[in-house]
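Subject: Handover of a structure, with notes

Dear colleague,

I am passing this structure on to you, and I have set down below what was found in it. Please have the sequence and the model open while you read.

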Amino acid sequence: MLPTAHLVPFLITVYVLILIPGPSVLFTVSRGVAMGRRAALATVLGNTSGLMFQLVLVVIGLGSILASSQTVYTVIKLIGAAYLIMLGVRSIRDRKELAVALAPTGDAHSRQMRTIIREGFLVGATNPKGLIIFTAVLPTFIQPSLGHQTLQLATLGVICAVVALLSDSSWALASGTARVWLGRSPRRLERLSAGGGVTMIALGVALALTGRRR
């Protein structure tokens, strides 16, 4: 069931929140610059799957715990931050191998794509921004008079995930195009991989140090 009375304000609010670069967007851009469009789009697919996982948790009732428990929120945030830092370190450490394997003329195999999707899922599933949207923003657009509030929340959440998928895909395509343009030589691609790793480490540290906004 879709609450339509405030649909336009809802879409605008969600789009603005998603458009503001957060962990998922910056991670996607880093992957796009370092690995290209295919890897960036695979990251978006993983991120969106992680976002849907968060939605399922909220819908089945864990959202109230996540919204009220500072401890649970902090644990999820730190897991996501640690994972981003680990990926950043690995990207810097393996930059020479990545430069060879991910050259613009190369083609990533299916196993690598599965790995990229899985990494994107973990980043999306531990992204505090998604939890805040689902637990603090979406409920304000539910219309109690329509009943089926859980179904309304799920419907609004799916719309939010679709908006995120479209928005993040545009970031993925843009960053992947920049990578093709910049990554003409192995040495330059090494620098891109290292730069993407530094970005992920900085993002992880910033995420770990950021407090919860009420």
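The notes below go from the chain as a whole to its cavities, its nonpolar core and three single residues.

Please keep in mind from the start that this is a predicted model. The secondary structure of the chain consists of nine helices and zero strands, so that, read from the N terminus, the order of elements is α-α-α-α-α-α-α-α-α. The chain has 214 residues, and 43% of them count as buried. Its accessible surface is about 10700 Å², with 69% of that area belonging to carbon and sulfur atoms. Among the contacts in the chain with a separation of 6 or more, 86% are made by residues 24 or more positions apart.

Turning to empty space, a search of the whole structure gives two cavities of 30 Å³ or more, and the largest cavity holds about 190 Å³ of space. Its lining is made up of 16 residues, and those nearest the centre are Ser-24, Leu-51, Asn-127, Ala-164 and Asp-168. At least two lining residues come from each of helix 2 (23-35), helix 3 (37-68), helix 7 (128-137) and helix 8 (149-182). Sorted by class, the lining of this cavity holds seven nonpolar, seven polar and two charged residues.

The largest nonpolar core has 18 residues, and within it Ile-18, Ile-133, Phe-134 and Leu-138 are the ones that touch the most other members. Two or more residues of this core are given by each of helix 1 (7-19), helix 3, helix 7 and helix 8, and helix 8 gives the most, with six residues. If you would like one residue to start from, Phe-134 may serve, since I can list its partners in full: leaving out residues up to four places away in sequence, Phe-134 touches Leu-51, Gln-54, Leu-55, Val-58, Pro-139, Leu-153, Gly-157 and Cys-160. One of these partners, Leu-51, is also among the residues nearest the centre of the largest cavity.

Three further residues may be worth a look on the display.

Asn-127, another of the residues nearest the centre of the largest cavity, is placed in the loop between helix 6 (110-125) and helix 7. Its relative accessibility is 7%, and therefore Asn-127 counts as buried. When neighbours within four places in sequence are set aside, Asn-127 is in contact with Pro-23, Ser-24 and Gln-54, and Gln-54 is touched by Phe-134 too.

Ser-167 belongs to helix 8 and counts as buried because its relative accessibility is 6%. Beyond residues up to four places away in sequence, Ser-167 touches Ile-18 and Leu-19, of which Ile-18 is one of the core members named above. Although Ser-167 and Val-44 are 123 residues apart along the chain, their C-alpha atoms are separated by 9.5 Å.

Gly-157 is likewise found in helix 8, and with a relative accessible area of 0% this residue is buried. Apart from neighbours within four places in sequence, Gly-157 is in contact with Leu-55, Phe-134 and Leu-138. In sequence, Gly-157 and Leu-55 are 102 residues apart, while in space they are 6.4 Å apart, taken from C-alpha to C-alpha.

With kind regards

Key:
Residues numbered from 1 in each chain as written. Predicted model: local features only at pLDDT ≥ 70, side-chain atom pairs only at ≥ 80, totals over all residues. Heavy atoms only, no water. 1 Å grid on protein atoms, 1.4 Å probe; cavity = no way out; pocket = protein on both sides within 12 Å on 5 of 7 lines; lining within 4 Å. Points joined across faces, edges and corners; volume = space filled by probe spheres on them. Helix = DSSP H or I, 4+ residues; strand = E, 2+ residues; numbered from the N terminus. Nonpolar A, V, L, I, M, F, W, Y, C, P; charged D, E, K, R; others polar. Buried < 20%, exposed > 50% of the residue type's maximum accessible area, 1.4 Å probe, protein only. Contact = heavy atoms within 4.5 Å. Areas by Shrake-Rupley, 256 points an atom, 1.4 Å probe, with all protein chains shown as cover. Core = buried A, V, L, I, M, F, W, Y, C linked by side-chain atoms within 4.5 Å.
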